[in-house]
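Biologist: I would like to go through how some helices pack here. Please give me the reasoning behind each label.

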Amino acid sequence: MTSALRSGSWLDVLKTRDLSLIFTARMAMSVSRAIAGVAVPLYLATLGFNGVELGVLYLVVALVAAGMSSGIGFATNKVGAKTFMIIVPAMVALAGVVYAFSANTAILFIFAALASFGRGAGAGAGMVGPYQPAESQLIVNSVTPANRNRAFSAVSLASTVGALIGTGLAALSGHELVARAVAVAVFRPSMLIASAAALTASVIAMFLSNQPPKPTHPVAHKQDRVFSFPQRSRWLLYRLWVTNTLNGAAVGMFGPFITYWLYIRYHANEVTIGELYLVVNIITLGSGLVAPRVAQRFGSVRITSWLRIAQGLLLIPFAISPTFVIAGIIYTVRMFAQRVALPLRQSYVLAMADPSEQARVAALSNLPSQVVMAVSPTLTGYLLDNVSLSLPFEIASVIQTISAFAYYFFFKDAAPPEELIPYATTVQEQPPDGTADETPTVQ
């Protein structure tokens, strides 16, 4: 590979102005998400929500988030990614204030949906909200292809650092189990801190540039309608719909319920769960450094598939762990695998999509998974309340493992540009309809 294509150091990548701002904003947003990920489920459980009611709440949250994410993906090229990086965190900040002062069920449902409370739960990193299609496009536009994995891993590292801070604050501001009558007052500090962190992310985003993507396809200028389907990336989108639907069904079975499950399974309180998440985030700090290295060594598709298999298989011993400590150890290992794979998967999708369609592909690729993630929690809530505390995790294990094999089968012959040797050697497969925009494959 020529010197022009070699990736720079981590510091070189973060010297890019927009990427450094995205890094800082993601860190602040992850602080907010981490605190809410601990406080909100316990707050709602203290108010008397059972598993089914939490499932219904997460159903509403997921459906609203899916609609918002799709709308943002389609509108990013027209409105600008920067706009959504400002507005969505501001909405989360407002929701945090509402949760700090209200116990009204209808109001809590509305603002949980607007703030995506319940998504990206657990130890706090990962999904930061429905503006992620806009954020992903900004990341890609900020770096060269050779530095793309490094950039996504850096932003993922920011999530982990933010989650580390957030879970530490959740543990410090936490408490033992409390009575319903004082729940609002007791949880108020946590939610106000979460609100302030989200507002900080919104303010930071105001300093981002708002550059449009750089189209490379000769007819890219013709696709300028807001709601046009990403035709040139459809091969990628169709395959992602299959794998992401499976993975979304699995994640929806357990993801939003991690904190609640630890609460009912081991009678853990906010302090204990916050301490666990704090340890998880400390141990997984190195995941962002590992991700680009293992992708370079094994290939993005292969390592992502392996790590997703590991995530799926680890759910079973986690679900049947006899003690909180053992469950915490298994959860930590699983979270490390998840945090190595996540930036590589996000980077891969943006690398393979046409530049003018990246935000739309990022949004639409997750739409089916968001829909099934909306349905899954309702089933999980019922199973947790009436059948078994481990069954939802066991079902999710099988589904996520299947999704990993499907991902490998669909993309094993479609390497991102920086993994092709030599870099410029690609071949365009001719699809059945005769268009020349199909999967690039290694020679």
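Modeller: This is a predicted model. Start with helix α3 (residues 51-79) and helix α5 (residues 105-115): their axes come within 8 Å and cross at roughly 45 degrees.

Biologist: Why are α3 and α5 called oblique to each other?

Modeller: Roughly parallel needs an angle under 35 degrees, and roughly perpendicular needs 65 to 115. The α3 and α5 axes cross at roughly 45 degrees. That value fits neither range, so the pair is oblique. The crossing of α3 past α5 is right-handed.

Biologist: Which residues make the contact of α3 with α5?

Modeller: From α3, Glu53, Val56, Leu57, Val60, Val61, Val64 and Met68. From α5, Phe109, Ala112, Ala113 and Leu114. By class, 10 are nonpolar, none polar and one charged. Glu counts as charged, so the charged one is Glu53.

Biologist: What makes α9 and α16 roughly parallel?

Modeller: Helix α16 (residues 367-386) packs against α9 at about 25 degrees, with the axes 7 Å apart. The limit for roughly parallel is under 35 degrees. The angle of about 25 degrees meets that limit, so α9 and α16 are roughly parallel. α9 also passes α16 in a right-handed crossing.

Biologist: How is the contact of α9 with α16 divided by class?

Modeller: It has 10 nonpolar, seven polar and no charged residues. Gly counts as polar, so Gly248 and Gly252 of α9 are among the polar ones. Trp241 of α9 takes part too, and α9 bends by about 25 degrees at Trp241.

Biologist: How do you know that α9 reaches close to its expected span?

Modeller: Helix α9 (residues 234-254) has 21 residues. At 1.5 Å a residue, 30 Å is expected, and α9 reaches 30 Å from its first C-alpha to its last.

Biologist: Why is α3 called roughly antiparallel to α15?

Modeller: The axes of α3 and helix α15 (residues 358-365) come within 7 Å and cross at roughly 170 degrees. Roughly antiparallel means over 145 degrees, so the label holds. Ser69, Ser70, Gly73, Phe74, Thr76 and Asn77 of α3 meet Ala359, Arg360, Ala363 and Leu364 of α15. That contact has four nonpolar, five polar and one charged residues. Arg counts as charged, so the charged one is Arg360.

Key. Residues are numbered from 1 along each chain as its sequence is written. This is a predicted model: local features need pLDDT of at least 70, side-chain atom pairs count only at pLDDT 80 or more; totals for chains, interfaces and linings use all residues. Side-chain values use heavy atoms; hydrogens and water are left out. Helices (H or I, at least four residues) and strands (E, at least two) are DSSP runs, numbered from the N terminus. The expected span of a helix is 1.5 Å times one less than its number of residues. The bend at a residue is the angle between axes fitted to the seven residues ending there and the seven starting there. Axes are lines fitted to C-alpha atoms, for helices over the stretch in contact, and angles run from 0 to 180 degrees between N-to-C directions. A crossing is left-handed if the near helix is turned anticlockwise from the far one by less than a right angle, and right-handed if clockwise. Contact means heavy atoms within 4.5 Å.
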